[in-house]
Amino acid sequence: MGTVTVGDVYRYINAMAPFDTQDKFDNSGLLVGNMESIVTKAAVCLDITQKAAEEAAHKGAELIVSHHPLIFHKLSAIEIHNPLNILIKNDISAICAHTNVDICKNGISDMMLELLDFKGETRVLEPIHSDGSGYGRIVELDFVSDADSLATMCKKAFHCNTVRYYDSGRIVKIVGVCSGAGGSEENVENAVKMGCDALITGDVKHSGFIEAANRGITLIDAGHFHTENIICGKIAADLEADLGIEAFIAENSVDILKYC
């Protein structure tokens with residue numbers, strides 16, 4: 001392929017995960033830069049932190065692609081520590097592909113199932129569009145499991161530092177997965193209504209675990225970062241293979257938390 005532009009990368013991502021399918025609260029798309037800018041090197045990360053932006057500039061990337069939007073809420077000021085400063089000063093464009101990648105076929109939820117080696121026909125956990133697409137997936141396992149075994153599988157599949165979970169004591173046959181912040185009381189209730197014996201997600205609050213206990217469903221928190229960081233390697237590999245640009249996962253695309 002010849003010269004690649006930011007617009008080419010945008011259209012490539014859009015073909016797999018259309019930006020117009022993003023949830024109404026989201027802000028995915030080209031958030032910084034110019035569609036006509038040439039791209040020879042792209043950084044990929046989960047979050048565009050100050051360190052990730054500095055790394056992209058240091059390594060000569062003209063584009064940074066992230067999952068979480070750099071601009072999510074209305075800005076009243078851009079302070080010196082804001083990564084936007086670094087991107088603008090170094091003429092680095094930013095494409096953020098968030099809920100459109102959560103929702104799409106072969107997106108993060110399907111990757112979760114693949115990494116867990118859960119095979120079988122799937123259903124959407126939380127449909128939000130008229131065509132039935134939406135968040136999460138449900139699969140019927142071809143084996144019988146329990147909470148302890150599922151937690152161990154998650155730790156291995158997502159390289160988690162720790163896994164928190166509520167064990168309902170039920171045998172697990174039907175599992176729901178939802179990356180990121182899918183552990184709300186409403187999502188737990190929905191998983192029960194959809195017939196799940198267990199829900200694997202992240203960012204579960206205390207109230208979410210209480211809801212799981214009250215409703216008798218196993219609930220596993222494998223972490224927001226760890227259930228979504230899995231998309232970075234796929235994006236980088238696809239951009240290199242299909243567009244011919246150099247794409248790398250930012251070394252600073254890491255879980256910033258410490259665990260003891």
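This passage walks through two sheets and the helices that pack on them in a predicted model.

Start with the five-stranded sheet. Its strands line up as β1-β4-β3-β2-β11, and the sheet is open, with mixed pairing. At the edges sit β1 (29-32) and β11 (246-249), each of which pairs on one side only. Going from one strand to the next, the twist averages 25°. On the β1 side, the neighbour is β4 (residues 93-96), and the two run antiparallel, joined by three bridges. Val 32 is one residue to look for here, with Ala 94 of β4 as its bridge partner. Helix α10 (residues 230-243) packs on this sheet, where it touches β2 (41-45), β3 (63-66) and β11. The direction of α10 makes about 170° with that of β11.

Helix α10 also has a helical partner. Two packed helices are described by the angle between their axes and the distance between the axes. For α1 (residues 6-16) and α10, the axes come within 12 Å and cross at roughly 115°. That angle makes α1 roughly perpendicular to α10, and the crossing is right-handed. On the α1 side, the contact is made by Asp 8, Val 9, Tyr 12 and Met 16, while α10 brings in Asp 238, Leu 239, Asp 242 and Leu 243. Sorted by type, the residues of this contact come out as five nonpolar and three charged, with no polar ones.

Now for the other sheet. This one has six strands in the order β5-β6-β8-β9-β10-β7, and it is again open with mixed pairing. Here β5 (122-127) and β7 (164-166) are the edge strands, each pairing on one side only. The twist averages 20° from one strand to the next. Five bridges hold the antiparallel pairing of β5 with β6 (residues 134-145), and in β6 the bridge partner of Val 124 is Arg 137.

Helix α5 packs on this six-stranded sheet, touching β5, β6, β8 (172-177) and β9 (198-201), and its direction makes about 20° with that of β6. Seven of the nine residues of α5 (residues 108-116) are buried, so the helix is largely enclosed by the rest of the structure. The buried set is Ile 108, Ser 109, Asp 110, Met 111, Met 112, Leu 113 and Leu 116. Right after α5 comes Asp 117, with a positive phi near 60°. Helix α6 (residues 147-158) deals with the sheet too: it lies across β6, β7, β8, β9 and β10 (218-221), running at about 20° to β10.

Key
Residues numbered from 1 in each chain as written. Predicted model: local features only at pLDDT ≥ 70, side-chain atom pairs only at ≥ 80, totals over all residues. Heavy atoms only, no water. Pairing = 2+ DSSP bridges. Helix = DSSP H or I, 4+ residues; strand = E, 2+ residues; numbered from the N terminus. Axes fitted to C-alpha atoms, helices over the stretch in contact; angles between N-to-C directions. Contact = heavy atoms within 4.5 Å. Buried < 20%, exposed > 50% of the residue type's maximum accessible area, 1.4 Å probe, protein only. Parallel < 35°, antiparallel > 145°, perpendicular 65-115°, else oblique. Left-handed = near helix turned anticlockwise from the far one by under 90°. Nonpolar A, V, L, I, M, F, W, Y, C, P; charged D, E, K, R; others polar.
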